[in-house]
Amino acid sequence: MGERSFRNLGLGVILLALVVYLYLFTGTQQMPVRIRNAYFVNTPGCRIVAMDVMNPPKRTNWERPEPKFHQSCLAARWFHAVVKERSWYLKLVVDIDRILDKYGFNHEGQIHCHWSQFRRTRHLGSTLFDLCYPYAIKVPKDVIQLRVTCSNSLTNATLCDEAHYFINPPPQELLPYPPASLEYWDKKMSAKGGTSPISVMIVGLDSVSHLQFLRQMPKTQDYIRQKTSHVEFWGYNKVGVNAYQNLIPMLTGLSEAESQKYWDWKRKLDGLPLIWKDYKAAGYNTSFGEDWAFFSMFHDIKPGFANQTTDHNFHDLLTQVFMQRLKYQKDNTGCFLDVLMEMNYKLLPHMQRYPFFSFYWWGNGVHDYMEMSRFIDDRFERFFNRLNDIGIMNNTIIIFMSDHGLRWGPSRQTFQGMIEDSQPFLSILYPAWMRNKYPMAIKNLAGNAHSLVTTYDLHETFRHLLDPETLEDESISLRMEELSRRNASQIPRGVSLFLDIPPERTCETSHISSAFCLCNKQVAISVDHPIAKLSANVIVNSINKLLEEYPVCVPLLLESIVSAQFAVPERQNHVDTKKSHKSEFFTEKDILVRLKAKPGTAYFEGMTRMHKDSLHLIGDVVRLGGDNYINNDCIQNPVLAPFCYCSF
């Protein structure tokens with residue numbers, strides 16, 4: 001072989017290796033694009049410094065989910081719900097010979113099967129059915145939820161235990177593409193000529209920050225950016241600590257405190273003025289589901305609903321699935337995720353034909369594990385691809401969002417983890433035709449990508465969509481003119497994202513607590529600074545005050561201060577440009593402290609405010625991590641348990 005041939009061969013080997021490397025590493029591990037702007041938001045009222053998406057907070061094995069958390073349970077089911085001649089059937093989908101061989105049976109008679117209706121955790125009667133050809137049972141028309149169990153007729157050992165939900169009325173065939181106009185779900189609603197209704201779908205992942213989404217879900221991110229008309233929001237700021245505090249403003253337009261007058265433990269939450277009730281009254285089909293049933297926003301330290309407030313509510317189904325997985329010690333997150341996603345897929349034929357409002361929230365796994373979102377990336381890429389393929393995206397506004405970032409663990413104890421907790425991800429996907437039909441509204445939507453926004457704005461956006469005619473340029477112009485006449489201090493806390501959010505907006509006018517305000521610059525101070533020590537003691541004393549009625553809880557002591565910062569506005573001069581009046585909001589001094597308390601190992605974060613000569617707590621104290629709630633099971637109060645260290 002000549003020297004030239006040898007060089008060509010060597011070059012070919014190098015190029016081949018490069019191609020293999022690119023295929024293996026860039027094809028399967030898509031890296032997020034670096035953020036090059038200095039600020040996520042840069043307006044007269046707010047400046048939010050950009051964080052580096054390539055510099056994730058500290059990760060530990062504690063935050064990596066076990067393999068079981070990304071497995072599915074749908075493939076293991078014996079029965080599937082199928083529609084035939086506008087009726088539901090439960091059909092055996094596992095080969096009967098395979099079942100007989102697996103358990104050593106000679107014939108189907110050795111298997112006893114029952115079905116029963118259920119509500120919450122209660123079962124309403126039981127009906128025996130034979131597992132025989134054609135291996136399908138017709139579901140009665142008034143049945144919505146069924147539990148199916150099959151057992152060994154001799155030993156009574158459980159072989160199959162499943163829960164099923166039946167969409168009623170049974171969906172028709174999926175259309176190749178939805179019709180040009182939609183019928184109203186409520187047949188009593190007269191056809192409204194003119195503007196066609198626009199459907200709304202909320203797709204939520206709990207505890208995923210914007211940067212975490214970019215790091216962990218590149219496939220979903222790329223699909224949205226490349227295949228959809230959308231706006232990605234960089235100034236989306238949380239307004240509360242947990243899911244309920246952040247989402248109730250979106251669903252009702254009220255703060256958590258304001259919503260309390262609409263419910264109690266006796267009346268439950270039925271009286272809340274939820275936005276989907278307005279959509280239901282307008283003739284829309286409505287559906288609601290949270291995959292983490294027992295710990296969902298309406299049931300975790302809340303009484304839930306006495307009656308169904310949507311046309312389809314999947315809470316009882318997911319509760320049943322949770323109980324079954326717990327019983328058989330198969331508590332894998334993928335199961336709950338896929339069951340809720342399956343319900344969405346079953347509704348797709350209805351979604352093609354009727355305007356709808358749906359709220360789906362996934363929390364299991366992502367709420368506790370930073371890297372869980374990486375395991376579900378493929379699922380959500382397929383989900384959005386499916387919606388696009390069958391035309392759902394052509395008549396639907398999709399809100400893809402989170403409520404806050406990760407609130408627990410070592411990552412949350414870092415500076416970047418603290419910032420990311422206040423900046424969840426938010427993208428709004430809209431039909432491409434809206435750019436031509438509603439040019440000013442879509443221009444404003446895109447223009448708000450780098451504005452300070454909250455869930456209060458999402459509520460106003462939903463109200464705006466109830467009457468699509470108000471999205472036309474003339475109506476938008478009138479509403480923007482009215483908004484422009486307000487001075488900075490009178491800017492509503494909620495503004496439709498189809499309007500131009502006033503640049504003078506601040507955390508104060510948005511009703512964002514200083515503890516969560518991303519417009520604030522965190523200026524580090526020494527942990528030995530007197531004000532840091534005073535603030536830390538105020539925080540610890542406030543915890544002990546909360547626990548006074550529980551003598552079994554040992555009073556906490558300050559062990560050390562992890563970090564302390566002054567919260568200072570990035571914009572030092574918050575001036576009302578129409579009145580030349582400086583806001584009094586930032587005349588006080590806010591101090592953010594992260595500390596370690598004893599006994600035990602517990603980390604907390606709180607903010608105090610120095611006003612004149614007085615130092616007091618503002619907002620809630622938050623548990624960040626530590627001993628993973630060891631030794632706090634002596635009280636049954638789920639709100640205070642994270643702060644309690646039991647004396648025995």
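**Exercise 1. Find the residue with a positive phi in the hairpin of E5 and E6, and say how the two strands pair.**

Start at the turn: the hairpin of E5 and E6 has 2 residues between its strands, and Arg120 takes a positive phi near 55° there. Before moving on, a word on the model. It's a predicted one, where local features need pLDDT of at least 70, side-chain atom pairs count only at pLDDT 80 or more, and totals for chains, interfaces and linings use all residues. Residues are numbered from 1 along each chain as its sequence is written, and side-chain values use heavy atoms, with hydrogens and water left out.

Next, the strands. E5 (residues 111-119) and E6 (residues 122-129) run antiparallel and are joined by 6 bridges; two strands pair if DSSP finds at least two bridges between them. Helices (H or I, at least four residues) and strands (E, at least two) are DSSP runs, numbered from the N terminus. To fix the register, put Arg119 opposite Arg122 in E6.

**Exercise 2. Work out the strand order of the sheet that holds E21, and which strands stand at its edges.**

Step one: the order is E17-E18-E21-E22-E23, an open sheet of 5 strands with antiparallel pairing. Step two: E17 and E23 each have a single partner strand, so they're the edges, and one side of each has no neighbour in the sheet. On average, neighbouring strands here are turned by 25° against each other, direction ignored.

Step three, walk across the pairs:

- E17 pairs with E18 in the antiparallel sense over 6 bridges, with Asn520 opposite Pro569 in E18.
- E18 and E21 are antiparallel too, joined by 9 bridges; Leu558 sits opposite Ala597 in E21.
- E21 and E22 run antiparallel, with 9 bridges, and Lys589 faces Met610 in E22.
- The hairpin of E21 and E22 has 3 residues between the strands, and Gly600 in the turn has a positive phi of about 80°.

Step four: 8 of the 10 residues of E21 are buried, so the rest of the structure largely encloses this strand. Buried means under 20% relative accessible area, exposed over 50%, partly exposed in between (1.4 Å probe, protein chains only).

**Exercise 3. Which residues of H17 are buried, and what covers them?**

First check the helix itself: H17 (residues 530-546) has 17 residues and reaches 25 Å from its first C-alpha to its last, close to the expected 24 Å. That expected span is 1.5 Å times one less than the number of residues. Now list the buried ones: Ile531, Ala532, Ser535, Ala536, Ile539, Val540, Ser542, Ile543 and Asn544. Their cover includes strands E17, E18, E21, E22 and E23.

**Exercise 4. Describe how H4 and H11 are arranged.**

Take the axes (lines fitted to C-alpha atoms, for helices over the stretch in contact, with angles from 0 to 180 degrees between N-to-C directions). Those of H4 (residues 218-227) and H11 (residues 377-389) come within 7 Å and cross at roughly 25°. The two helices are therefore roughly parallel, given that angles under 35 degrees count as roughly parallel, over 145 as roughly antiparallel, 65 to 115 as roughly perpendicular and the rest as oblique.

**Exercise 5. Is Tyr236 buried or exposed, and what does it touch?**

Locate Tyr236 in the loop between E11 (229-232) and H5 (243-252). Its relative accessible area is 1%, so Tyr236 is buried. Leaving aside neighbours within four places in sequence, the contacts (heavy atoms within 4.5 Å) of Tyr236 include Met401, Phe425, Val453 and Leu518.
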